[in-house]
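I opened my notebook for a look around this structure. I wanted to see the ligand site and then one piece of strand pairing.

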Amino acid sequence: MPVRSDQQLIEAAIAASHHAYMPYSNYRVGAALLTASGDVYGGCNIESVSFTPTVCAERTAIFKAVSEGQREFSCIAVVTRDAGSPCGVCRQMMYEFAPDMRVILADLDGNTQMVTSVRELLPHGFGPMNLESR
Ligand code: THU
């Protein structure tokens with residue numbers, strides 16, 4: 001079923017959050033990334049006992065999409081218990097592919113707390129353009 005609304009994207013993020021592997025933090029995160037062509041890639045956080053290999057839900061979704069040939073994204077929904085904001089590393093990775101992407105932050109019950117953009121989350125970001133004038 002094609003995703004037509006923010007609420008449907010949030011529902012996809014909630015579905016992805018059910019797969020979160022977070023035995024150390026107990027902080028469940030789900031993401032759903034909408035491509036320009038209307039496909040949706042879900043992601044969850046996946047932790048490691050040695051902590052640093054842990055990957056966030058947002059990057060899981062981005063890596064899944066990019067690894068399948070997708071590079072244009074229009075929106076990402078992220079769900080957590082407190083509608084928490086994406087970490088700095090994920091903001092940087094979003095900026096890589098989609099600086100103008102919308103970002104929806106919602107809780108695990110599907111209540112939207114904020115709609116923003118990657119540019120707003122990472123102002124004056126360092127991006128691919130910076131390496132174009134070598
Ligand atoms: N986490 C995410 O999945 N996305 C974020 O943007 C913030 C943090 C995860 C990583 C870790 O599994 C848990 O939340 C606690 O930091």
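**Notes on the ligand site and a hairpin**

I started with Glu47, where a polar side-chain atom lies 2.5 Å from an oxygen atom of the ligand. I kept in mind that this is a predicted model.

Next I looked up Glu58, and one of its polar side-chain atoms lies 2.7 Å from a ligand oxygen. Asn45 also has an N or O atom in its side chain 2.9 Å from an oxygen atom of the ligand. I then checked how covered the ligand is: on its own it has 370 Å² of accessible area, and the protein covers 78% of that.

Which residues surround the ligand? I listed Ser25, Tyr27, Val29, Asn45, Glu47, Thr54, Cys56, Ala57, Glu58, Pro86 and Cys87. Sorted by character, this shell has 6 nonpolar, 3 polar and 2 charged residues. I also asked about pockets, and the largest pocket is the space that the ligand takes.

Then I moved on to the strands. How do E4 and E5 pair? Strand E4 covers residues 102–107, strand E5 covers residues 112–117, and they pair in the antiparallel sense over 5 bridges. Across this pairing I found Leu105 opposite Met114 in E5. The two strands, E4 and E5, make a hairpin with 4 residues between them. In the turn I noted Gly110, with a positive phi of about 90°.

Definitions and conventions: Residues numbered from 1 in each chain as written. Predicted model: local features only at pLDDT ≥ 70, side-chain atom pairs only at ≥ 80, totals over all residues. Heavy atoms only, no water. Near = heavy atom within 4 Å. Polar contact = N/O pair within 3.5 Å; in protein donor to acceptor, adjacent residues only side chain to side chain. Areas by Shrake-Rupley, 256 points an atom, 1.4 Å probe, with all protein chains shown as cover. 1 Å grid on protein atoms, 1.4 Å probe; cavity = no way out; pocket = protein on both sides within 12 Å on 5 of 7 lines; lining within 4 Å. Sits in = over half its atoms within 2 Å of the grid points. Nonpolar A, V, L, I, M, F, W, Y, C, P; charged D, E, K, R; others polar. Pairing = 2+ DSSP bridges.
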